[in-house]
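User: I'm new to this one, so please keep it friendly. I'd like an overview to get my bearings, then a close look at a single part.

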Amino acid sequence: MQLSIPKGFFMGAAMSGPQTEGAYKKDHRLESFWDTWSDLSISDFYNKVGSYVGNNFYEKYEEDIKLFKSLHLDSFRTSIQWTRLMDQNQKLNPEGAAFYHKVCACAKDNGIELFMNLYHFDMPAYLYARGGWENREVVEAYATYARTAFREFGKEIRYWFTFNEPIVEPDQEYRSGNWYPFIKDERRGLQVQYHIALAHSLAVREFHKAKEEGYLLDDAQIGLINAFAPPYTKENPTPEDLEALRMTDGIHNRWWLDLCTSGTLPKDVFDTLKEYHAAPEVRPGDEEILKCGRVDWLGFNYYQPTRVQAPKEKLDESGYPRFADPYIWPERRMNVYRGWEIYPKGIYDFGMKMKREYPEMKFFISENGMGVEHEDRFRNEDGEIQDDYRIEFVRDHLEWVFKAIEEGAQCVGYHYWGVIDNWSWSNAFKNRYGFIEVDLMNNYERRLKKSARWIKDLIEQRDNGED
Ligand code: BG6
């Protein structure tokens with residue numbers, strides 16, 4: 001199938017501040033949750049590479065933005081690091097702000113639209129020490145941070161996002177216990193998730209205030225980015241499998257989709273949580289705050305589908321409910337390096353779900369990418385990494401994106417994750433995602449992979465008006 005990118009469709013790069021910037025002590029940047037974890041237990045990170053380095057975007061942002069332009073990418077998303085923009089008294093840190101002003105100016109000079117996210121799993125350590133998202137004070141502090149950012153950069157940034165994947169911290173830090181502080185407690189996870197929903201809503205309220213007061217561009221937009229993949233279950237499900245599906249979809253997707261489209265959280269999910277005494281604590285006035293959570297558009301990060309079935313055990317170790325167990329689909333195809341299933345049709349299924357259930361809401365694919373280990377194996381004589389697997393991965397996903405659009409999905413863009421190899425949390429630099437390689441042994445030098453040439457040619461056809 002010949003891929004043809006529609007005019008006006010964003011084709012861009014996705015990245016985040018904490019995974020790229022490095023310079024972790026520059027500009028009086030504060031310590032983050034990740035720096036704390038790295039200091040406490042560096043062996044938890046692949047090859048003992050902690051949060052400090054990124055891919056040196058701090059020094060190389062001009063080169064990187066020019067590289068995006070040279071590949072014909074028209075937009076890129078990164079995030080402001082809360083730890084860089086604000087001081088411990090919750091006031092603007094002018095040195096940190098200066099860095100982001102330079103990034104905005106550089107994107108503008110190169111004709112690249114900047115999408116700015118405010119939070120990518122990177123809690124300041126001093127707030128984490130006060131209980132992180134379990135503490136309402138932190139929710140308020142986040143609203144202050146968002147207000148400061150809107151006012152400081154309001155005339156430089158058009159597309160704003162409150163959170164990237166708000167489901168990940170509750171899951172990784174509080175439910176599965178994969179990330180520091182390794183807690184396995186469904187109820188605490190739900191409280192964290194609820195507080196993030198409040199924090200998001202307060203930030204959207206701040207966005208509208210800032211707009212009314214003239215701090216923002218007239219056409220500025222606010223959104224939220226999540227991994228909204230609709231879950232699947234067995235082919236001939238039992239009622240218990242369908243119940244697992246309802247709660248998984250409810251907690252992972254509808255929670256955020258309802259919040260962002262109607263300013264509410266799903267009642268059926270809350271009713272079930274109450275039956276299990278696992279519902280988060282709700283305070284008077286919260287309902288009004290959540291009503292502010294409606295956004296202009298959504299980002300959909302997609303790597304893998306979620307497949308679930310009825311849980312074997314109904315309660316976890318702390319006596320809280322387990323709503324689902326993973327289901328291994330016999331026909332699955334894997335990205336063995338990351339341990340994630342590759343299922344491009346999931347992108348189309350999400351598009352159709354949006355068309356059916358949230359027809360007014362537009363979205364873009366805000367992350368999609370393939371991380372592969374030891375890419376050195378694929379170097380040709382000229383030293384270029386021949387990442388045909390990545391080309392195939394992107395092509396397969398784009399085909400389903402365009403099919404969804406043809407059938408009425410309001411999808412307005414595609415951002416590839418990790419256009420330049422970056423630091424991947426506890427996996428550090430194990431799996432490389434980039435169209436552009438980063439040479440860690442050679443001052444973070446950037447080099448194009450084969451996929452970079454491929455994506456450039458693809459977008460160029462659109463830009464030259466060819467079919
Ligand atoms: C997304 C995150 O979930 O997946 C990114 O928004 C992350 O921050 C990406 O890097 C790929 O996952 P990983 O763990 O391989 O880096």
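What radius of gyration does the protein have, and what would a compact globule with 467 residues have? After that, please walk me through the largest nonpolar core.

Analyst: Happy to. You're looking at a predicted model, where local features need pLDDT of at least 70, side-chain atom pairs count only at pLDDT 80 or more, and totals for chains, interfaces and linings use all residues. Residues are numbered from 1 along each chain as its sequence is written, and side-chain values use heavy atoms, with hydrogens and water left out.

The protein has a radius of gyration of 21 Å, which agrees with the value near 23 Å for a compact globule with 467 residues (taken over C-alpha atoms, the rule being 2.2 Å times the number of residues to the power 0.38). Its C-alpha trace spans about 60 × 55 × 45 Å along the principal axes. Within that you'll find 15 helices and 16 strands (DSSP runs numbered from the N terminus: H or I of at least four residues for helices, E of at least two for strands). Of the 467 residues, 60% count as buried, meaning under 20% relative accessible area with a 1.4 Å probe, protein chains only. As for contacts (heavy atoms within 4.5 Å), take those with a separation of 6 or more: 76% of them come from residues 24 or more positions apart.

Now for the core. A nonpolar core is a set of buried Ala, Val, Leu, Ile, Met, Phe, Trp, Tyr and Cys residues joined through side-chain atoms within 4.5 Å. The largest one here takes in 147 residues, and those with the most contacts inside it are Phe76, Ile80, Trp82, Trp133, Tyr142, Trp160 and Leu298. Helix 9, residues 186-212, gives the most to this core, with 12 residues.

Let's zoom in on Ile80. Not counting residues up to four places away in sequence, Ile80 touches Leu85, Tyr100, Met116, Asn117, Leu118, Asp122, Tyr145, Ala149, Phe153 and Trp160. Apart from the largest core lies another one, of seven residues, with Tyr159, Phe161, Trp297 and Phe364 among them.

One more buried spot is Ser424, whose relative accessible area is 11%. You'll find Ser424 in the loop between strand 13 (411-417) and strand 14 (431-432). Leaving aside neighbours within four places in sequence, Ser424 is in contact with Gln19 and Tyr433.

How values were computed. Buried means under 20% relative accessible area, exposed over 50%, partly exposed in between (1.4 Å probe, protein chains only).
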